[in-house]
Amino acid sequence: MFVEVVVTKRNGFAGPMALLLVWQLAACKASEEATQDQKPTVSTVSAPSWEAGKRYLYATDLKSKLSAAGRPLTGFVMSAALALETRQAGAETEYLAGLFDIKLTAEKPENQEQFAALARELSAPFGFSTVDGKLSSVMLRPEWSAFAASIARTLAAGLQFVERQADQPAANVWTASETDATGTYTAEYTATGPTGPLSKRKLRYENIPLGKLGIAQLSGGVKPEVLESKGSLLLGDAPGRPRIARVEYGEKLKLQVSPTSLVHSETELVLAFKPNEQRASTLDWTTALAGLSLIHISEPTRLRRSSYAVFCLKK
């Protein structure tokens, strides 16, 4: 900072009023510069873009635990390669997805046979769509179990990214409504730059009717509680690469089905783009979509797989 003030000397000394003026001007200038430095730079973050006719490959790691009424129901670790192909259909971006090299390890060795069957289910392709980065539909095999559907929907939901909307304040923090295998929730994004990384966390879920959990014997609804949620998205602008280069998140949820039935879930997911294994599309979309059925995205498949167990435990 430099402030130049011309003062008049009398007998070799500057007058006291002139010195006071110098100090006042210097203080004012310093205050103005400090205010300018504090103004945040608002990052403009573009929505994800995908190139049609390309095959994108992600290394996938998923961990999940589910317990009801204090008793563990299931837990597993999965690693796999997730292949994606996309095309644009009006406002929708459609995805065909397939899992390869699936390795599923049960938390309890006695359940390993069940997870071997689950791996065979997940080897079939599935599909989903997004509008403005938000999951809009899911297409799954009609014979799939709720467990397989839950995993596929968790992977699809992990690739959501919603831009700050025009009606939201120009800031580096914004919220968006999204959907995953549990239900519809409010996500909070925080941008640190135009290409990421962005932090992302879930703030709260909307109410879920108990009928959608498969518990027709009980009326009303429940609202999952977010106990812990943290994650990040790394965006990339390199030619031929998807905007979403890496996804990481972890969460802990609680669902009070009844005063005596409590469900806890823990999930960790990592999706890492593998640029060296990108290749041209080889799928026939018509054939691939023919064996899939549209699943309403409001169906909470992640919690539905434990709902009957919860109901039995409370008896």
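A polar contact is a pair of N or O atoms within 3.5 Å; within protein, one atom must be able to donate a hydrogen and the other to accept it, and residues adjacent in sequence count only if both atoms are side-chain atoms. The model is predicted, so that local features need pLDDT of at least 70 and side-chain atom pairs count only at pLDDT 80 or more, while totals for chains, interfaces and linings use all residues. Residues are numbered from 1 along each chain as its sequence is written, and side-chain values use heavy atoms, with hydrogens and water left out.

**Exercise 1.** Find the strand that holds K202, and decide whether K202 is buried or exposed.

*Solution.* Begin with the strand, a DSSP run of E with at least two residues, numbered from the N terminus: K202 lies in β10, which covers residues 198–205. Next take the relative accessible area of K202, which is 10%. Buried means under 20%, exposed over 50% and partly exposed in between, with a 1.4 Å probe and protein chains only, and K202 is therefore buried.

**Exercise 2.** Identify the surroundings of K202, beginning with its contacts beyond four places in sequence.

*Solution.* With contact taken as heavy atoms within 4.5 Å, and neighbours within four places in sequence left aside, K202 touches D180, Y185, T186, V226, S229 and E251. Turning to side chains, K202 makes a polar contact of 2.5 Å with D180, and another polar contact, of 3.0 Å, links the side chains of K202 and Y205. Finally, compare C-alpha positions: K202 and E188 are 14 residues apart along the chain, and their C-alpha atoms are separated by 6.2 Å.

Technical notes. Helices (H or I, at least four residues) and strands (E, at least two) are DSSP runs, numbered from the N terminus.
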